[in-house]
Amino acid sequence: MNMPKHVAIILDGNGRWAKSKGMPRNYGHMQGSKTVETICEEAYKMGIEYLTVYAFSTENWSRPKDEVDALMRLLRDYMKTCLKTAKKNRMCVRVIGDKTGLDDDIRKRIGELEEATKNNDGLHFQIALNYGSRDEMIRAMKRMAEDVAEGKAVPSAVSEELFENYLDTRGLPDPDLLIRTSGEQRVSNFLLWQMAYTEFYFTDVLWPDFTKDELLKAVEAYGNRERRYGLVKEG
């Protein structure tokens, strides 16, 4: 099977899943976090090397305050769980996004998690928190402009490779496959630069119901596609 090296996932449908069961949205988010743990383990077993999940976007702050507060509490708990999982599975964890928008204690836990797992040789797991691709690119351009102003870089040297060094994903390979659950078919401001040649897979399955078999379906669909990287083949 042609296995994607890097899979990105937009975790969608937690709220609808909870509603379908007569439960509050926060219950869906809790179950969704458990699904993340399962998929991390299964992805690595399949031979996927990098997994990036869209957990909380810059736009998610506009949700009702009680839901945002609950998500932040869940995030705090998840940081502890993720550290235990990473130790067991030798998972290397990295958080992308604007961390300055998160509370001090969450940033501290993120720092501890990244430091504790940085040398692990298992799955490379990226969590997008307070992330928006347009915001990422604006922050990258500001840092690059500062370096130009300080003489650390020159405009004539600006290239795709240089710009990528200012992105949150610097050093990571671009995603080969994007999976979005819950039936929505848009990228929602996620990894816009990085997904220039990514294959997309959309499924109606809600995230809490996404299983190993569903991941396998996505990977098989990817493997059956002819990768052209933007080039038109003759014949």
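Okay, before anything else, one definition: when I say helix, I'm talking about a DSSP run of H or I at least four residues long, and when I say strand, it's a run of E at least two long, both numbered from the N terminus. Also, keep in mind that everything today comes from a predicted model.

So let's start with helix α2, residues 25-46. What follows it? Just after α2 comes G47, and its phi is positive, near 105°. Now, does the helix length add up? The 22 residues of α2, at 1.5 Å a residue, should span 32 Å, and the C-alpha atoms at its ends are 31 Å apart, so the two agree. The expected span is 1.5 Å times one less than the number of residues, in case you try that on your own calculator.

Plenty of α2 is tucked away. Its buried residues include G28, H29, V36, I39, C40 and A43. And what do the buried residues of α2 pack against? The list is β1 (6-10), α1 (14-20), β2, α3, β4 and α7 (212-223). A quick bit of background here: an α-helix has 3.6 residues a turn, so residues three or four places apart point the same way. With that in mind, look back at α2, where V36, I39, C40 and A43 are among the buried residues.

Let me stay with C40 for a second. At 4% relative accessibility, C40 is buried, because the cut-off is under 20%. You might wonder about disulfides: how many are there? The structure has 0 of them. C40 isn't in one, and the nearest cysteine sulfur, in C82, sits 6.8 Å away. C92 tells a similar kind of story: its closest cysteine sulfur is also in C82, but at 10 Å that's too far for a bond. C92 is buried too, with a relative accessible area of 13%.

Next, helix α3, residues 65-89. With 25 residues at 1.5 Å each, α3 should span 36 Å, and its end C-alpha atoms are 35 Å apart, so that agrees. Right after α3 you get R90, with a positive phi of about 55°.

There's an arginine inside α3 that I like: R76. Buried or exposed? At 17% relative accessibility, R76 counts as buried, since the line is drawn under 20%. Setting aside its neighbours within four places in sequence, R76 touches D103, D105, I106 and R109.

Now on to the strands. Strand β4 covers residues 124-131, and 7 of its 8 residues are buried, so the rest of the structure largely encloses it. Which strands pair with β4? One is β2, residues 50-57, which runs parallel to β4 over 7 bridges. For instance, Y50 has H124 in β4 as its bridge partner. Another is β3, residues 92-96, also parallel to β4, over 5 bridges. There, C92 stands opposite H124, and V93 stands opposite F125. So H124 turns up with Y50 and with C92.

β3 is well covered too: 4 of its 5 residues are buried, so it is largely enclosed by the rest of the structure. How do you get from β3 to β4? Through helix α4, residues 104-117, and together β3, α4 and β4 make a β-α-β unit that is left-handed. Try turning the model to trace that one.

So what's in the middle? The largest nonpolar core has 40 residues, and the ones touching the most other members are I9, L51, F125, I127, L129 and I179. The largest share of that core, 8 residues, comes from α3. Apart from it there's another core, of 10 residues, including A128, Y131, L178 and M195.

Take L51 as an example. Leaving out its neighbours within four places in sequence, L51 contacts residues such as H6, V7, I9, I39, C40, A43 and F125. And there's C40 again, a buried residue of α2.

Last stop: the loop between β5 (177-180) and β6 (199-202), where S182 lies. S182 isn't glycine, yet its phi is positive, near 80°. S182 is buried as well, with a relative accessible area of 9%. L191 lies in the loop between β5 and β6 too, and its phi is positive as well, near 50°. At 1% relative accessibility, L191 counts as buried.

Okay, that's my tour. Thanks, everyone!

Note on methods. Residues are numbered from 1 along each chain as its sequence is written. This is a predicted model: local features need pLDDT of at least 70, side-chain atom pairs count only at pLDDT 80 or more; totals for chains, interfaces and linings use all residues. Side-chain values use heavy atoms; hydrogens and water are left out. A nonpolar core is a set of buried Ala, Val, Leu, Ile, Met, Phe, Trp, Tyr and Cys residues joined through side-chain atoms within 4.5 Å. Buried means under 20% relative accessible area, exposed over 50%, partly exposed in between (1.4 Å probe, protein chains only). Contact means heavy atoms within 4.5 Å. Two strands pair if DSSP finds at least two bridges between them. A crossover is right-handed if, with the strands pointing away from the viewer, the path from the first strand over the helix to the second runs clockwise. A disulfide is a pair of cysteine sulfur atoms within 2.5 Å.
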